[in-house]
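Student: I am new to this structure. Please take one part of it and walk me through that part closely.

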Amino acid sequence: MSERSTELPQVVVRVALVPCGCLLALVLLYSSHAAMAAEPPAPGRKVDLERLRARLPEGVLRWGGDVEGGAPYQLLDPDNPRRVIGFEVDLANSLATIMSRQCGFEIRAEFVQYSWDTLYPGLVNRDFDVIISGYEMTEERRRQVRFTRPYYVYSQQLVVRENEDHIRSLDDCLDKSVGTLAGTAAERLLEQRGVARIVGFEGQVEPYVDLELGRVDAVLLDWPIAIFYASTNPKLKFVGENIGQGTYGIGLRPDDENLAAALDNALDELIASGELLKILRRWHIWNPSQAALALAPARSDELAALGFDANGSPVQPPPSPPADAVDINIVARSAESWTIWHYTPLLVEAAGTTIYLSIASMLVAVAIGLVVCVLHLYGPRPLQWLAIAYVEFFRGVPLLLLLFSLYFGLPTFGLELEAVWTAILGFGLAFGAYEAEVYRSAISSVPRGQWEAARALGMSEPLAFRRIILPQALQTALGPMTNDFVALFKDTSLVSVIAVRELTKEYLVLSRSSLKFVELGLLTALLYLAMSIPLGYLSRYFERRWGVPK
């Protein structure tokens, strides 16, 4: 091969060198860009205060997170389930206080509940200003999200059952089933290591429950999660060293540079003042890895403020938890503290949202269904085709996909709707297709002689339809309409994907926060029955009162 290369004419070599040089330049440019992206921003960045004041109307910094089993990041207070606590709650409040002082006007942090797996679409959709929810600063996310400097260095912790003697590290799990959170750095680490059976979960409670029950052989999750959900469980134990180190950062939209600069400055002060160290120690999640948070220009100062000497070694191990340290058994304490009297008001409020969504959506569906049905039966040919296409499209598209597309897709066309209105529109469009077919069938079932009798009385076709045909058809349609309403009533549980907190979503949040899956499941089922059984009786009454005589 070497001989063939030396025999090439020089011009060929030069021609070959040109694309190679370009490729090398692109690689160097990309490497430089990647290195810059990985570099933390310099402290003391300039902030345009007028733009910041306009950016945060009424001085509210809205941050998105998920309390659904979110210890120690965000979770419901064991003493008051209406209150959200967590180390990121303390972080957000402290940053708002510092920003208020630095910027000269009042800024308040406001938590916005959002599903963790849809935080990025929610950020793009402007449902909140920033993401603060254990958001890993991966290279993939850096391409979409503008991160601040890191505020925590995480690592992964492997957990197994107490009587497990064969698994001592992740290398022993290659042919085992390992549970983790779907879409996280831990899941990617398992894929890279070649673990054969990766079980992805939506919540961080269920993996440990399944591990305890023997459904998975091990669980790999972030160390702070393992501290709060596994370290206090006598049936589980930690094995191996912490692996897969990475950082959490505050995520912003790429065009939010001014707000990012203000947050970076606040994080600088939070670290330099030692306030971050207090927060981490209060929540039992400080460890020697946090030395990596110190920036190079102020490394010695920040290292000292984070609890390290100039060499990055811990100054001294904390002798005991600080006075304001939270109870590490906080989830178990929720299970003990919360009673049915704590749960019921929250679930009843969420049930009100379910009823509101069901009734409003059904009214929209009835209106759409009638219009589509009339166009299908009596419209000109193009409108008939359009009505048929509408029915086939919305009957064939999964409701979850429709809701997701409407909520996160419409803003790209300049139409922004609140989550509740998006849910009503989505249910109305989908169930409007079903209602159209119900009405078409009912109208077709009215005997032809009714039309002829109406015409014999001198009625026009529209008048005959309104006064003779439609009332009879609605009598026939009453039963199927009731069934559709009950189906819609249960389908409202799908709206949790667009951050509407209805009854099922409230159950998930409360049960994952208290580990009372059975008790809360029974209470939630009773509420659903309390709403659906009277509805059934009411529909049968209407059928007897206005339905087709038997």
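**A five-stranded sheet and its helices**

Tutor: Start with one pair of residues: in β10, the bridge partner of Val159 is Val219. This comes from a predicted model. Val159 belongs to the pairing of β7 with β10, which is antiparallel and runs over four bridges. Val219 has another neighbor to look at. Gly179 stands opposite Val219 in β10. Here the strands are β8 and β10, and they pair in the parallel sense over two bridges.

Now follow Gly179 further. Gly179 also stands opposite Val199 in β9. The pairing of β8 with β9 is parallel too, and it extends over five bridges.

Put these pairings together. Five strands make an open sheet, ordered β9-β8-β10-β7-β11, with mixed pairing. At the edges are β9 and β11, each of which pairs on one side only. From one strand to the next, the twist averages 25 degrees.

Look next at β10 itself. Five of the five residues of β10 are buried, so this strand is largely enclosed by the rest of the structure.

Two helices lie across these strands. Take helix α7 (residues 185-193). The helix α7 lies across β7, β8, β9, β10 and β11. Its direction is at about 150 degrees to β8. Several residues of α7 are buried: Ala185, Ala186, Glu187, Leu189 and Leu190. What covers them includes β7 (152-161), β8 (177-181), β9 (197-201), β10 (218-222) and β11 (236-248). A general point helps when reading such a list. An α-helix has 3.6 residues a turn, so residues three or four places apart point the same way. Just after α7 comes Gly194, and its phi is positive, near 80 degrees.

The other helix is α8 (residues 206-213). Helix α8 also lies across β7, β8, β9, β10 and β11. The helix α8 runs at about 160 degrees to β10.

So trace the part once more, strand by strand. Begin at the edge strand β9. Step to β8, the parallel partner of β9. Go on to β10, which β8 also meets in the parallel sense. Then cross to β7, where the pairing with β10 is antiparallel. Finish at β11, the other edge strand. Then add α7 and α8, each lying across the five strands.

Definitions and conventions. Residues numbered from 1 in each chain as written. Predicted model: local features only at pLDDT ≥ 70, side-chain atom pairs only at ≥ 80, totals over all residues. Heavy atoms only, no water. Buried < 20%, exposed > 50% of the residue type's maximum accessible area, 1.4 Å probe, protein only. Contact = heavy atoms within 4.5 Å. Pairing = 2+ DSSP bridges. Axes fitted to C-alpha atoms, helices over the stretch in contact; angles between N-to-C directions.
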